[in-house]
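Dear colleague,

I am passing on to you the structure shown below, together with a short account of what was found in it. Please read the notes alongside the coordinates.

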Amino acid sequence: MASVSTSHLILFIASLIIAASVAGTFSTGIQRLSGALGDRSIDISHNVRTDIEIISDPASEAVYNASGNKNITLLIKNTGSENLKGSSDQIDILIDGKYQSNVSVKVVDGTYWDVGNVARVIITPSTQLPPGNDHRVKVIVNGDSEVLEFRS
C-alpha cells in the first residue's frame, strides 16, 4: 500500500512541476502578444484617423507642366481627424505604378498640415511622361491613399 501512495505522490509532484512550467511559458507568451497588440493598435489608430483628399482639378493645366518644368503639382487637403507632418518623408507617390522620390511638400494655408489645411505637393517624375497619354498619380499618407488621373 505504501508503494502505491509513494508513486501517486511522485506523479502528483511531477504534474505540478509540469503545470507550473506550462503556465510560466503561457504567461510570457501572453505578455508578448499583449504588447504587440498594443503597439499595433496605435499604428491602426493613426491609419484610421488619417484621411486625405486630392482637390486638384485633373482637367486643369495647373496639374501637369504648369511651370514648364514638366512637374506634377497636386493640392491635397487633410480631411482626417489627425494633424500630419507636411514633409515629403510622410508621403509616398506612385506615378503610373512607379515610386517617385523627388517630391517636395509645402503647406499652403498654415505652418503645419493640420486638419482642414491644404498641402501643395510638387513631383518631378523620374521619367518623362509621354505627351497626350493618360496617367495615374497615387498619393499614400499613413496607409490612406487617393488616386488622380490626368492627361499629359
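The notes that follow treat a core, a single asparagine and a surface patch in turn.

Please bear in mind that this is a predicted model.

The largest nonpolar core has 24 residues, and those touching the most other members are Ile72, Leu74, Ile93, Trp113, Ile123, Val137 and Val139. Two or more residues come from each of β1 (52-54), β2, β3 (91-95), β5 (103-107), β6 (118-123), β7 (134-141) and β8 (144-151). Leu74 may serve as an example: beyond the residues up to four places away in sequence, Leu74 touches Ile54, Ser56, Val63, Ala119, Arg120, Val121, Ile123, Val137, Val139 and Leu148.

Strand β2 spans residues 72-78 and includes Asn78. Asn78 counts as buried because its relative accessibility is 0%, with buried meaning under 20%. Which backbone oxygen does the side chain of Asn78 reach at 3.1 Å? One is that of Glu82, at 3.1 Å, and the backbone oxygen of Trp113 is likewise reached by this side chain at 3.1 Å. Once neighbours within four places in sequence are set aside, the contacts of Asn78 are Asp51, Asn83, Leu84, Trp113, Asp114, Val115, Gly116 and Asn117.

On the surface, a nonpolar patch is formed by Leu9, Phe12, Ile13, Leu16 and Ile17, whose accessible area together is about 510 Å². Leu9 belongs to helix α1, which covers residues 2-49. As background, nonpolar side chains in soluble globular proteins tend to be buried together.

With kind regards

Notes:
Residues are numbered from 1 along each chain as its sequence is written. This is a predicted model: local features need pLDDT of at least 70, side-chain atom pairs count only at pLDDT 80 or more; totals for chains, interfaces and linings use all residues. Side-chain values use heavy atoms; hydrogens and water are left out. Helices (H or I, at least four residues) and strands (E, at least two) are DSSP runs, numbered from the N terminus. Buried means under 20% relative accessible area, exposed over 50%, partly exposed in between (1.4 Å probe, protein chains only). A polar contact is a pair of N or O atoms within 3.5 Å; within protein, one must be able to donate a hydrogen and the other to accept it, and residues adjacent in sequence count only if both atoms are side-chain atoms. Contact means heavy atoms within 4.5 Å. Patches are made of residues with over 30% relative accessible area and no salt bridge: like charges are joined within 9 Å, nonpolar side chains (Val, Leu, Ile, Met, Phe, Trp, Tyr) within 5 Å. Accessible areas come from the Shrake-Rupley method with a 1.4 Å probe; for residues, only the protein chains shown count as cover. A salt bridge is a side-chain nitrogen of Lys or Arg within 4 Å of a carboxyl oxygen of Asp or Glu. A nonpolar core is a set of buried Ala, Val, Leu, Ile, Met, Phe, Trp, Tyr and Cys residues joined through side-chain atoms within 4.5 Å.
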